[in-house]
Amino acid sequence: MGELSETYACAPATERGRGILISGDAATSTIAYCCGRSVVLRRLDAPLEAEAYGEHAHAATAARFSPNGEWVASADVSGAVRVWGRRGDRALKAEFRVLSGRIDDLQWSPDGLRIVASGDGKGKSFVRAFMWDSGTNVGEFDGHSRRVLSCAFKPTRPFRIVTCGEDFLVNFYEGPPFKFKQSHREHSNFVNCIRFSPDGTKFISVSSDKKGLIYDGKTGAKIGELLTEDGHKGSIYAVSWSPDSKQVLTVSADKTAKVWDITEDGNGKVNRTLIPPGSGGVDDMIVGGLWLNDYLVVVSLGGTFNVYSASVPDKEPVTFSGHIKTVGALACVPLNGQKTILSTSYDGVIIRWIQGIGYAGRLVRKDNTQIKCFTAVEEELITSGFDNKVWRIPLNGDQCGDGEAVDVGSQPKDLSVAVQKPEIVLVATDSGVVMLRGNKVASPINVGYTVSALAIAPDGSEAIVGGQDGKLHIYSVNSDSLTEEAVLEKHRGAITVIHYSPDASMFASADTNREAVVWDRVTREVKLKNMLYHTARINCIAWCPDGRLIATGSLDTSVIVYEIDKPASTRITIKGAHLGGVYGLSFVDENSVVSAGEDACIRVWRLTQQ
Amino acid sequence: MSFRMKNASSGMGVADHSRDTFVELQRKKLHRYVIYKIDENKKEVVVEKTGAPGETYDDLTASLPEDDCRYAVYDLDFVTEENCQKSKIFFIAWSPSTSRIRAKMLYATSKSRFRHELDGVHYEIQATDPSEMDLDILRERAN
């Protein structure tokens, strides 16, 4: 059976110019954020245990724990709110169509009976408050004319709701049933976040005009502001109160987070400024922040979490990150003596992961190009993107050196490197196959059919090219040309991937018709067939280091592991490995396989024999 | 002695022996499985192979050709949720996608006539590749 052993979760989806509102559950130190269609719940004290909830039909935007910690309410861009149980099988309690457009923020009332949601109502209501189990409305929320970016529920009685939005207004509602009471137009730009203090005496609004204003919690009157001395120099995207209601954390586009002391007269003074480590680019703008128990969590635009300690201000933050976009390729290479998993996504982000520890940093390249095909050997990365170039980037320990690009004439569709002779690389393009020796094109080879996948043997003597018609052509490799030796016909769809086994005695091929076949390399006979158990195209194949097991990953979100010596029907199936499809697979050792997919997460599975 | 019966759709008859073998499987439990083939020369459905009661489902799967159609009958023994030992008969129409179109058509049109003769089949499965007649699928259908 295959059991999940580690999850390297994705990072929250971010957008330039907007903040993200993450939330948490103080009782279990868990944070909740959204990426793509998944809602990720992650424990701050055990970051490798992340759970993803994937039941939304549209991109999820916000998720909040109920006050008693048993339920989660999550919202998406279609205006739907799902309330589901946090434990066990995440049973759905209710689903409501709350707004007609995207929901930006939602909050539970402190007694857990009502939920307020705000967002883009497309001309109709922008804010709605409703009972959590029946969905009946509990008030009329007029007063906004543009998208409402944030809303908050007063945590103590008498209940109040405050909202703020793109029309620069901060509105105050009394109830239940909630009715408009007053409005403030003190901000001069989008008001991004509004939050009540945990004791309910004050609330604070922060805006893209770099100001933060503090109001009285019961009456709604403005009482003070965050003093501009040493204040933020960029839009403030989010604010979070400390559990004792005496301090707030704000995060801003000026790449810093600040902790403010809120004095009795309602003004805020900067206590300290936190500057997370970063390369200084746009990706370091901080778009989300949360104060949870002793943790100060800040999230940057690039998706990096920095967790500071509130009680020990000078401690270095714990940094971790993940992918935001679909992970397209995985490779396991030893880096610095340690077995590292490298994952890449099409936006050019390469992340290193170490089993048991998790995030081990990003590989920063000098030329940050997009990546479509990726392969790695011990001292080099070979990537290609959407232009006509293939990049060879040397690895010095865990840093990237200067890469060199080779132009191959058209967009590469597949890459393969001869593991024992890494200067030979074969590239498949629309017009044929190109052989690279070192950084030069040895020769372009016109094969006469449309190539869809290829592989070169580890010793560089043989290559297999798969065509759009499902035929496998075997060539022997000369110094600058290929000589065809045989054609194998068994597949009934375009070949998607071909891989030699680590000892090169066998090779495996897979196609778009959901079939995989293992062949003996010398006799070119079929060794294992009937590997037809997927229900959609097979995207990736991986061999176990000793050649005993082979794993296939498919668009149908499952990973199937077969044993070479046993019939295909005795297989191990891992269902639902990645929402949206599995795109990368690799074995870390004889019993663990790591998979990556469209949900931007990477999971390590432990295989046990029945 | 075999005699022909009229089949409006394809003219295939059903040999008596085929029916008798099925009754032996059903009543006397003499076989675990029976594989039937359409003999085009004699224009009828005949028994190609039978399996002893000790053989398994894997033996049946191994006996089916990869690129030609067959009919098969299999007696599945299983234990239900309430812990009773039960046995159900499955009719499997094996029609792999790699077989010739003429064979697929022949077997498809003769199937209903043939099924009519086999009285007492509990479940029918149509399989176009080995993954569709996996033992798990049979177990799931049986209750």
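Which residues is A:D414 in contact with, leaving aside its neighbours within four places in sequence? Keep that question in mind as you work through these exercises on a predicted model.

**Exercise 1. Describe the surroundings of A:D414 and look for a charged partner.**

Solution. Start with the position: A:D414 sits in strand β38, which covers residues 412-417 of chain A. Next, list the contacts beyond four places in sequence: A:C373, A:L426, A:V427, A:A428, A:A453 and A:L454. Now check the charge. A:D414 is buried but has no salt bridge, and the nearest side chain of opposite charge, that of A:K372, is 9.1 Å away. Since a salt bridge needs a nitrogen-oxygen pair within 4 Å, A:K372 does not qualify at that distance. Finally, look to the backbone: the nitrogen of A:L454 lies 3.1 Å from a polar atom of the A:D414 side chain.

**Exercise 2. Work out how the overall dimensions of chain A compare with the globule rule.**

Solution. First take the secondary structure: chain A has 0 helices and 56 strands. Its radius of gyration is 27 Å, close to the 25 Å that the globule rule gives for 610 residues, so chain A is as compact as a globular protein of that length. Along the principal axes, the C-alpha atoms fill a box of roughly 85 × 50 × 40 Å. For burial, 59% of the 610 residues count as buried. The exposed surface comes to about 23,000 Å², with carbon and sulfur atoms supplying 47% of it.

**Exercise 3. Place A:Q247 and A:K255 on the chain, and decide whether each is buried or partly exposed.**

Solution. Begin with A:Q247, found in strand β22 (residues 247-252). Its relative accessibility is 18%, and buried means under 20%, so A:Q247 counts as buried. The side chain of A:Q247 makes a polar contact of 2.8 Å with the side chain of A:D261. Among the other residues that A:Q247 contacts are A:W241, A:W260 and A:W291.

Move on to A:K255, in the loop between β22 and β23 (257-262). With a relative accessible area of 28%, A:K255 is partly exposed. A:K255 touches several residues beyond four places in sequence, including A:I275, A:P276 and A:D284. The C-alpha atoms of A:K255 and A:G278 are separated by 9.1 Å, with their positions 23 residues apart along the chain.

**Exercise 4. Find what three of the salt bridges connect, within chain A and between chains.**

Solution. The search of the whole structure finds 39 salt bridges over all chains. Take A:E174 and A:R160, whose closest N and O atoms are 3.7 Å apart. A:E174 lies in strand β15 and A:R160 in strand β14, so this pair ties together parts that are 14 residues apart in sequence. A:E174 is partly exposed at 26% relative accessibility, whereas A:R160 is buried at 10%.

Next comes the bridge between A:D402 and A:K366, at 3.5 Å from N to O. This pair links distant parts of the chain, 36 residues apart, with A:D402 in the loop between β36 and β37 and A:K366 in the loop between β32 and β33. A:D402 is exposed at 54%, and A:K366 is exposed at 55%.

Last, B:D134 and A:R571 meet at 3.3 Å. B:D134 is in a loop of chain B and A:R571 in a loop of chain A, so the pair joins two chains. B:D134 counts as buried, at 9% relative accessibility.

Terms used
Residues numbered from 1 in each chain as written. Chains lettered and ligands numbered in written order. Predicted model: local features only at pLDDT ≥ 70, side-chain atom pairs only at ≥ 80, totals over all residues. Heavy atoms only, no water. Helix = DSSP H or I, 4+ residues; strand = E, 2+ residues; numbered from the N terminus. Buried < 20%, exposed > 50% of the residue type's maximum accessible area, 1.4 Å probe, protein only. Lys, Arg positive; Asp, Glu negative; His and termini not counted. Polar contact = N/O pair within 3.5 Å; in protein donor to acceptor, adjacent residues only side chain to side chain. Contact = heavy atoms within 4.5 Å. Rg over C-alpha atoms; globule rule 2.2 N^0.38 Å. Areas by Shrake-Rupley, 256 points an atom, 1.4 Å probe, with all protein chains shown as cover.
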